[in-house]
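Me: Here is a structure I want to go through term by term. Please set each value against its definition.

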Amino acid sequence: MSAPEHKWERQADAFLGIAASILLGGMMLLTFADVVARYLINRPIRGGFELTELTLLVLIFAGLPLVSHADEHVTMDFIDRILPPRGRVAWIRALHGICAAIMFFLAWQVWIKATRIASYGDTTDVLRITIGPFVYFMAVMIALTGLVHVFKTFSATPAPRGPQVTT
């Protein structure tokens with residue numbers, strides 16, 4: 001059993017989960033309306049594809065900290081199985097530390113790219129939506145994911161994973 005969540009963790013999860021749900025619902029409605037408009041009245045929604053792309057970007061990167069916080073990444077547990085419980089805990093902590101370092105490096109690189117894109121004034125083709133803020137959002141969400149991994153590195157003892165049994 002893992003350590004109980006703090007109130008702020010539940011609130012952050014709820015906020016990001018609700019935001020992701022709203023984005024997904026909006027994207028579904030936009031896609032539905034675009035398909036109906038395209039095939040029934042032969043007039044697709046102008047910039048619908050761009051809006052879908054940008055919404056998908058926000059959805060994916062807003063969900064990244066949620067996935068990391070819930071430990072819902074794809075995992076391979078072949079090393080976990082051969083380690084004793086203390087070794088398993090140390091291994092999990094080390095991996096969270098490595099993930100945090102990678103996320104911070106990625107956030108830094110994406111921030112550099114966002115600065116370059118913002119300086120060029122890049123926009124989408126049809127609706128002329130500025131792309132820079134979306135890339136900055138990506139960098140911030142990657143950095144937040146790094147913070148989640150730092151928190152998991154130093155938080156209460158992580159729950160060691162045992163063999164998964166599926167029926």
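**Helix 4 and beyond**

Me: Which residues of helix 4 are buried?
Reply: The buried residues of helix 4 are Gly132, Val135, Met138, Ala139, Met141, Ile142, Thr145, Gly146, Val148, His149, Lys152 and Thr153. They pack against helix 2 (48-69) and helix 3. Contact means heavy atoms within 4.5 Å. Helices are DSSP runs (H or I, at least four residues), numbered from the N terminus.

Me: What are the ground rules here?
Reply: This is a predicted model: local features need pLDDT of at least 70, side-chain atom pairs pLDDT 80 or more, while totals for chains, interfaces and linings use all residues. Residues are numbered from 1 along each chain as its sequence is written, and side-chain values use heavy atoms, without hydrogens or water.

Me: How do you know that the span of helix 4 agrees with its number of residues?
Reply: The expected span is 1.5 Å times one less than the number of residues. For the 23 residues of helix 4 (132-154) that gives 33 Å; the end C-alpha atoms are 34 Å apart, so the two agree.

Me: Why is the pair Arg38 and Asp34 called a salt bridge?
Reply: The definition asks for a side-chain nitrogen of Lys or Arg within 4 Å of a carboxyl oxygen of Asp or Glu. Arg38 and Asp34 meet at 3.1 Å, N to O, so the pair qualifies. The structure holds 1 salt bridge.

Me: What makes Asp34 buried and Arg38 partly exposed?
Reply: Buried means under 20% relative accessible area, exposed over 50%, partly exposed in between (1.4 Å probe, protein chains only). Asp34 has 13%, so Asp34 is buried. Arg38 has 36%, so Arg38 is partly exposed.

Conventions: Helix = DSSP H or I, 4+ residues; strand = E, 2+ residues; numbered from the N terminus.
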